[in-house]
Structure formats: C-alpha cells, structure tokens
Amino acid sequence: MNRVVELNRNELSYPPPANVIEAAKRGLMDSNRYLTVSDLNNLRKMLSIYSNVEEESIFLSSGDEVLMAEILLLFSKKGRVIIVDPTFFMITQIAESLGTKILKVKITEPSFNLPIEVLIEEAKDAPLVVIDNPNNPSGKLLVDRHSVDELCQNLSGILLIDEGYYEFCHFSVADMVKNYPNLIVTRTMSKAFGLAGLKVGYMITGETILEAFSSLNLPLRPTKSSVYAAIEALKDTNYMEGNVELITKERKGMIKEASELGVEVYPSSTNFLLMRTNVPHAARKLKELGVIVFDPSAQLSSEFIRVTIGTQDENNVFLSSLKKILNG
Amino acid sequence: MNPVAGMGGSVGLKGTDGDMHKKATELGAKPVTQERAREFLSHIKNKNDLSFFVAPGKMGENIVNNYNVNFSVVSSLNSEITSAEDTKRIAKEMLSQDIDLLVFVGGDGTARDIYDAIGLKRPVIGVPSGVKMFGSVFGVSARAAAEIVDELIQGNISIEEREVLDISEDAYREGKLDIKLYGYLKVPEVTGLVQSGKEPTRTTPSKENQKAIAQYIVENMDRDTLYLLGPGTTTKAIADELELVKKTPLGVDAIYDRRIVGENLNEKKILDQLKNFPKVRIILSPIGGNAFLLGRGNQEFSPKVLKLIGKENIIVVATRDKINKVKCLRVDTNDMEVDNMLKGYIKVVTHYNEETLMEVT
C-alpha cells in the first residue's frame, strides 16, 4: 500500500501557523512549572471575546469530550438521559456506559430532522438532553434558537448543546446561557483552529452549573503548551477563518463530484460530509485502498461513510478511491 | 440454483412458484439465475481456497464448470425439469458433505425450500435472484453475497437467525401482500468491527443484544399483567430469559406471572384471553427486512385486538443493528383507523435500559 489518506477524524488537514507552534514550544520549555491562574484567565478572556459571552461563563478543559463525559456523569443520575441517534459516537459510548436509562431519538435520512415537539414531550422529566449541533455524522444543524428556547423552557433538567463545529456553521446559542441556567454549550479548538493534538475545549454556561463543576476546575484544565497555543491562535483568527473558507470551498466541490458518481451526499454545516453509497461496508473497502474514512455502521447501515474535508489533494485521492469501490 | 427463479419478474407474473415458470417461459422470460450465479462466483476473491459442492446440471454444475475451482457434484437430476423437491433433496444431501455454508440462488420460494430441507443445521446465504425477496436471508446483491463468503473464510462473521417469509403469490398478483413468517435460517452477518483510526465502531453481537433486551423486559414485567409475546428471535430471547421452553417460534404465546398460559394463539383465542385479564400488553418485534411492526407475519394481532389493547400497551423490541438499518417502522393492519392509531412515534427497547424513539408510518 502506498499512501494512506486519513479523512476519518474531522481534523484540520493544515498544520498550525508558526506563531502558534512557537507559543506551544514556549509552554513546553517552561513545563516544569504548573500553569498559572493568570494564564488560564488569559485564555478565558480571549475565548469570551471570541464567543461574545461573559468571561465568568467559560469553563476550560482538556478537550470537549472530557467535558461531555463529566456532564453526562454529573447529570445523568436522576433518570433517563436523552440523546440523538445517530450522534457523535463518543456521546453514545459514554451514555451507554453510564448504566442509566437512555432514550435515543432517531433521526433519519434524507432530512435528518429532529422531531422537536416529540423530544420536548419525552424530555420534560429527563435530567439531561444532549444534542450535537451541527449533528455528527449527518452534518445537519438540528436546532435553531426557537427550538432551544422551547427546550430550555420546558425541561426540568439540563440541555447540553455541543457546538464542536461552530466555526463552520457560524450558528451558536452560546449567548442564550444568560437566559437559561439549564443550558450548557460545549466547544473545541480541535477542529477549525487545528489544535486537535493539544486538546483545548470549553463550556459556556451559567452560575448554577459552574458551581457543580467548581471542584473539577483543576483536574480538567488543559496543559500549559495547549493554553499558550490557544491564546496565540485566538489573537489572530484570520488563519482559522482562511482555512474554514478553504474547507467550505472544497466541501462544495466534493458534494458536486461525489454526487456525480451517484452517491447520495447530505448537506453539511461542518468540515465533513455524510455519504450514502450503494456499496456495503464502504468504509472498509476504502481503507483497503488506503483511504480511511469514518465508518458510522454502529449507528447507520454500512453503506454510509463520513468523510472529512481534507486538502484538495487528499480529497482527490478519496474521490478516485470512491469511484473504484463504486465500480467494484 | 433454482434455474427458474426470477423469471416471473420481467413478464409481470410476480413469481414462479409451482408451475408458473412454464407460463413465464411462454411469455418470453429469460432465465436470470445463471447471470446472478456468475456474478456471485466471479466476485469471490478467495475461490481457490474453497471446495465447492454443487448441485448437478443447471442447478449449479453448468455454471461452476466455467470457473477454475475445485468442485464436486452432489446428487443427480432425474428430469430436465427441476422442481422444489429437487432443491430440498439436494440441499439435504449437501449436509452430509460437511459443508460450512450453503449458498442458494433464488428467491423467497427457494429460501422456503432450503428451510424445509435443512432448517437451522447450517449457515445459509441467498444470492438474490427471485422476484420478491422480502425475506432477510439474502445478500443485498450477488456481489454482497460473494463478499460474505470471503468474510467467512477470514472469520469476520457472526451468525444470526433471519426470517424466511411465506408470501402468497396469488394474493401478490392481485396487488396484495399476504406475508407470513415461515421460519428461520442461520445467516452469516458480516460484523462491523472496522477499526478506523481512533474512532471505533461499536456493534453489539446480535445474541448479546437480544439477551440484554430480554433481561430488561423481564425485569420490568408486572406480575398482574398478561403479556402476549409475538413471533421473532428477539421475543424468543425473552421467552428464554423466562426459561419458557415452549415458546411458539412463529406464533403468539400468552404469559402471565412468568408462565405460559396460552400457546400459539389466533385472533379468537387472544380475544378470549382479553376477557379474562384486565391488564394486557403486547410484546412485538419488527418482522422482515421491511421493518413491519404489524400486519406482516403477526396478523394474529388483528385490528380488533389492537383496538382493545391500545398503542400504549404495545412494547416494541428490536436489536440496535436491526434499528440502524431501517428509517422507520411500518404498520399495515388492513384497518385505516388502527393504522392511524399506531402511526407517529413509538419507543423501541434496543438494549438493557435503552430505548430508541422511532417513527411509525
């Protein structure tokens, strides 16, 4: 096998800019010392400006997955947790391992619409509802501001909205945390900012929930290198925005070309595309050709693949391999 | 190979059960099984690692002969015209050859013949070549069936019991679907254990999933409620969990206080039971590849029964894998009012402590 193209983890295919790498190095040079409170506060301040929310409403962590896991652990004890199906595989995996009751609300092709009214009815007494918005793997924005209003007003529990792909859709409900004490928004710098290996995540929420997390402040914080790099990346978001533009353009081309091959491609507000081929075990067949895409067969049937938008070159390799598996 | 399977499709006969293939030939239908068999054989990558036992003449030998594979012919044909009896006889004889997998090329009718001949004694995969193929014992295509053979060689499979359906061709020709559950065949299922970098796909083996569902249902059973347990392998797992040895595989049994109080009930017997028990719930699993919840294979739950019991007393169970493969559940009870009552959303128990909210259309 020659070259392996990895388009399975929704990472950015471009490395961080030199100044961000330099900042991470500075953190590394000083890594015999713990991160200071002022470093953490600096990052919180930068993120509050970037997200247009109060600094006090931001809680930092080493990646958004760990936050989701903690939220699920903390708030799932009193009853049935509600998640979307399919959803970010980590949410499903954590929820299934909790030993608590789960209700999965199935969303299906071609629309992948979330039945909000039915969800509200079911969620009234649920301690926690988790929605990834946009949804992974469908790429669809599942809730709008009105739905979030309705959900927050009708739930007795917590609504967690994961905005891991916010930069690609420019849609957020983060500002709504000031109206709803039961709303949590989680975000990451692993995707558009390209810091997946450094793991910087954050949640935006109100006082009550932050109170529940106060003892986790220290154990969940990111590393010094991660914090330095994140601060540097937020100082100038042009690089990130340029990459998002590039990916959006590439995404458009991928949709066109894959559709021309006869593959069903679903609209996406993210840096990945969900596709339905007519080939069973499509992900595995692509892997045999050296192209690794995400295999969503634990949640959808095996003809589906989820492919990250990579560089133009990577995308072309994917498309030609896709053509090969379609032609058998 | 059923040499006449699929011939009815192009000439609008809906099938070739019985003598209908003669009519299909008169109408100019061309055999399709041979083409499907070729497609199947040419897509098996590891055919040189296999020993084939093939049916004689046009039931297999004539096609396999064109490939450079190791094969021996099982049995012989008494006449130029083959029949369901030949399929059954040869399938039975193949059992004595210590085969790992029986591959048949045909449709639902052929699947029933194979079931009659070998039951659950060996894994089976159907190369789809019939007209209807509502059953779920077929590969999605001839090529997919070939891939299952390759996977079997590599050991990447689990075995599941899948439904063989009995569809009345006469009714089908009149535009009606009269489907009954005929039995189960063991079918290899390619496991989704594909490791794609960091992100693993997690599939729970079907048996384990069924057991988890069964445990959940049994733990939550009320002692003062009569449970009507419908057909299916997941409902069978519930009977097993209750240690009930006599669950009717294709019919409805009544359970009260963890004991069977009625076996293989028809509509009338169910209605009688309803008179005796104030609290009654139905436990159902979607049937076949089309995710029919009611109206296919479980007509014992008639519109009258369903009206009396009500949607809120229907418990639906299905494995995650089954649910992943369908967009929604379907109902077709022949009664618009009952269908409308059942439509909307329903919760399906998909694991221990886990339900999936699904649309019913």
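Visitor: What makes an angle between two helices oblique?

Guide: Angles under 35 degrees count as roughly parallel, over 145 as roughly antiparallel, 65 to 115 as roughly perpendicular, and the rest as oblique. This is a predicted model, in which local features need pLDDT of at least 70 and side-chain atom pairs count only at pLDDT 80 or more, while totals for chains, interfaces and linings use all residues. Residues are numbered from 1 along each chain as its sequence is written, chains are lettered from A and ligands numbered from 1 in the order in which they are written, and side-chain values use heavy atoms, with hydrogens and water left out.

Visitor: Why are helix 9 and helix 10 of chain B called oblique to each other?

Guide: Helix 9 (residues 206-219) and helix 10 (residues 233-241) of chain B pack at an angle of about 55°, with their axes 8 Å apart; that angle falls in none of the three named ranges, and the two helices are therefore oblique to each other.

Visitor: Which kinds of residue make up the contact of helix 9 with helix 10 of chain B?

Guide: The contact (heavy atoms within 4.5 Å) includes B:I213 and B:I217 of helix 9 and B:A237 and B:I238 of helix 10, and its residues divide into 6 nonpolar, 4 polar and 2 charged.

Visitor: Why does B:K327 count as partly exposed?

Guide: Buried means under 20% relative accessible area, exposed over 50%, and partly exposed in between (1.4 Å probe, protein chains only); B:K327 has 42% relative accessibility, so B:K327 counts as partly exposed. B:K327 lies in the loop between helix 13 (320-324) and strand 15 (330-331) of chain B, and its contacts beyond four places in sequence include A:E109 and B:M358.

Definitions and conventions: Helix = DSSP H or I, 4+ residues; strand = E, 2+ residues; numbered from the N terminus. Axes fitted to C-alpha atoms, helices over the stretch in contact; angles between N-to-C directions. Nonpolar A, V, L, I, M, F, W, Y, C, P; charged D, E, K, R; others polar.
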